[in-house]
Amino acid sequence: MKTGFKVGLCALSLALSFGTYAKTFELTGQSLTIDQLWEASQEGNDVKLSKAAWKRVNDSYETTIEAAKSGIEIYGLTTNFGDLKDQEVVKGDIEAEPNRSKSIEFNKRQLRIQAAGMEPYLDDNLVKMSMIIRLNQMAAGLTGITPETAKYYETFINNDVYPLIPGRGSPGVNDLSWPTHIGLAMIGEWDVHYNGKKVDSKKVLNKLGLKPLEPFGLDGISILSNGNVSMAITIDAIKQTEHLLDMSPYIVAASLETLNGNISPFLWHSVEGKGMPKGHEAAEPILRALKGSYLWQPNEDRYLQDPLSFRSAHWSIAAALEELDQLKSLVETQINHTSDNPLVTINGRTDMWYSDLPAVTALMADKEQGKYVNSNSAFDFTQLAIQVESLTTAMAHVLHNSGWRILQVGDSHRTGLKKYLVSKQNKGGDGFANILQPVSGLYAEAMAMTSNVTLYGLPTSITIEETYNNVNVTADRLRHLTDVGYEIFSFEVLHMTQGAQIRRDEQGYKLGEGTSKLIKEYRKVVPFVDKDRPYTLDVNNGAKFLRNLDVSLLK
């Protein structure tokens with residue numbers, strides 16, 4: 001299943017999976033990386049909580065019980081949600097009847113009424129990823145969720161049970177209407193994907209030997225009030241962007257060989273003279289791809305300076321790499337912390353200057369151990385959303401340069417080759433004379449993804465929640481732009497493999513190792529243009545080739 005315009009994500013997941021044997025990943029709540037999470041979310045892989053993590057799950061849960069017994073008001077446990085927060089749910093010993101039954105019924109009702117997302121449903125690996133993030137945050141001891149519910153998450157993850165989660169309709173501050181479907185599946189009131197089929201969750205629960213979950217205490221709000229689905233979508237965007245950037249140097253190298261371009265701007269001292277971040281990381285792969293190329297020899301037909309789309313290609317890539325690193329750092333911080341409200345703390349500080357002030361001590365479940373339960377805004381993803389948009393803008397520059405390189409190599413004055421890269425065999429042919437029309441359309445589609453969406457929204461809960469960041473939408477836009485990027489790159493690879501091959505076969509020039517490998521792999525799906533033909537199959541097959549390309553084959 002695909003979500004809206006998120007084309008090619010399943011294929012990319014398969015292409016970037018890290019092996020064929022099932023693995024088990026230990027969750028500590030403190031050290032989960034994006035790469036580990038990505039791998040763990042592939043079908044068949046399992047997770048388990050460390051012994052210390054299970055202790056934190058239990059301590060976190062017991063902290064909520066102690067706080068409620070001591071009379072601390074707890075949002076979503078002793079009180080209702082949103083503008084109904086003044087309504088009491090339970091009071092005192094919440095584990096005793098009738099409080100326990102009241103709490104369970106309240107949680108079930110909240111899971112039901114929050115469920116209002118729009119189709120299409122998310123891909124299964126994103127659903128699994130979102131559940132792993134939530135379980136890892138439980139392992140950090142920050143959610144207050146019951147150990148029983150944590151075990152349900154672990155069971156769903158390890159048996160590849162995927163609740164149907166809508167892919168549209170979150171403000172990105174707090175997904176609410178999305179993860180609530182996980183809880184609905186656990187209580188037997190929602191469908192799941194299981195063994196490749198859509199199944200009533202009650203049947204799957206029965207097959208796994210589980211009774212429908214009775215969500216208690218903070219279970220309800222811990223299940224639904226977080227941004228973990230948005231984080232899964234963001235990680236999916238990160239992985240697709242990484243893949244596109246990883247192949248970019250090889251495409252730039254091939255374009256330089258088609259142009260008869262200069263290696264000068266990419267040399268160590270040229271990059272060092274500018275001194276900006278990621279310059280060497282972007283330039284060196286281009287030079288390595290050109291190892292053995294004719295470009296390392298002087299050429300009387302070579303211009304002194306190339307168009308900027310060639311000459312500064314590494315700087316747009318460097319900008320994207322820098323923004324990508326910043327985003328990955330923020331996301332890895334987030335998945336090892338939490339986006340809960342209320343926040344349960346089992347090891348908070350008690351030595352701050354304000355620790356003994358009445359408003360703070362009123363939140364303490366245990367002063368000596370630093371246990372707190374307090375309302376907060378941990379689900380605010382403004383920093384993440386702005387960083388996703390920064391990466392999207394940087395990637396737009398990468399694609400902008402790609403479009404201009406395609407335009408430039410059609411010019412015989414630039415290349416010294418026949419106009420529109422017509423080969424000698426293509427007698428009387430026009431080659432790529434009108435192929436830029438679709439590139440222009442794709443370019444516009446990609447650039448439209450760069451507009452700001454972090455400030456848009458309508459206030460909810462009768463205006464109590466009046467800020468938004470739409471991190472999920474920013475991630476969707478990055479995925480859309482990057483997916484279109486494969487298509488723009490498909491046109492560029494069509495041109496540059498044609499031009500480089502003409503250099504080699506008609507002019508006798510030696511190509512770089514990276515370009516030679518790119519041509520070898522690409523020719524398995526798209527033949528050399530020795531006669532005019534329709535290019536629709538070529539550019540579509542080229543895009544599929546790039547989406548599934550194992551870049552290590554070019555190294």
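I started at Y535, which counts as buried at 14% relative accessibility, the cut-off for buried being under 20%. The model I am reading is a predicted one.

**Aromatic pairs**

I looked up the ring partner of Y535 and found F432, in an edge-to-face pair with 5.3 Å centre to centre and 65° between the planes. F432 also counts as buried, at 4% relative accessibility. I then noted where the two residues lie. F432 is in the loop between helix 17 (412–415) and helix 18 (436–447), while Y535 is in the loop between helix 20 (513–522) and helix 21 (536–547). The pair links distant parts of the chain, 103 residues apart.

Next I took Y522 and F545. Their ring centres are 5.6 Å apart and their planes stand at 65°, so I entered this pair as edge-to-face. Y522 belongs to helix 20 and F545 to helix 21, so the pair ties together parts 23 residues apart in sequence. I checked burial for Y522 and F545, and both are buried. The structure holds four aromatic pairs.

**Charges over rings**

I looked for charged ends over rings. The charged end of R100 sits over the ring of F216, at 4.2 Å from its centre. K274 lies over the face of W315, and here the distance to the ring centre is 5.3 Å.

**K128 and helix 6**

Is K128 buried or exposed? I read a relative accessible area of 0% for K128, so this lysine is buried. K128 is found in helix 5 (residues 124–139). I left aside its neighbours within four places in sequence and listed its contacts: A40, S41, Q42, E43, G44, N45, I157, D160 and Y162.

I157 led me to helix 6, where it is one of the buried residues. The others on that list are P147, T149, A150, Y152, Y153, E154 and F156. Helix 6 (residues 147–158) has twelve residues and reaches 16 Å from its first C-alpha to its last, close to the 16 Å expected at 1.5 Å a residue. D160, another contact of K128, follows helix 6 and has a positive phi, near 50°.

**Sheet 4-6-7**

I last looked at an open sheet of three strands, with the order 4-6-7 and antiparallel pairing. Its edge strands are strand 4 (162–163) and strand 7 (197–200), each pairing on one side only. I found four bridges joining strand 6 (residues 191–194) to strand 7. Which residue of strand 7 is the bridge partner of V192? I noted V199 as that partner.

Key: Residues numbered from 1 in each chain as written. Predicted model: local features only at pLDDT ≥ 70, side-chain atom pairs only at ≥ 80, totals over all residues. Heavy atoms only, no water. Helix = DSSP H or I, 4+ residues; strand = E, 2+ residues; numbered from the N terminus. Expected span 1.5 Å × (residues − 1). Buried < 20%, exposed > 50% of the residue type's maximum accessible area, 1.4 Å probe, protein only. Contact = heavy atoms within 4.5 Å. Pairing = 2+ DSSP bridges. Phe/Tyr/Trp six-rings, centres within 6.5 Å; stacked < 30°, edge-to-face > 60°. Lys NZ or Arg CZ within 6 Å of the ring centre and 35° of its normal.
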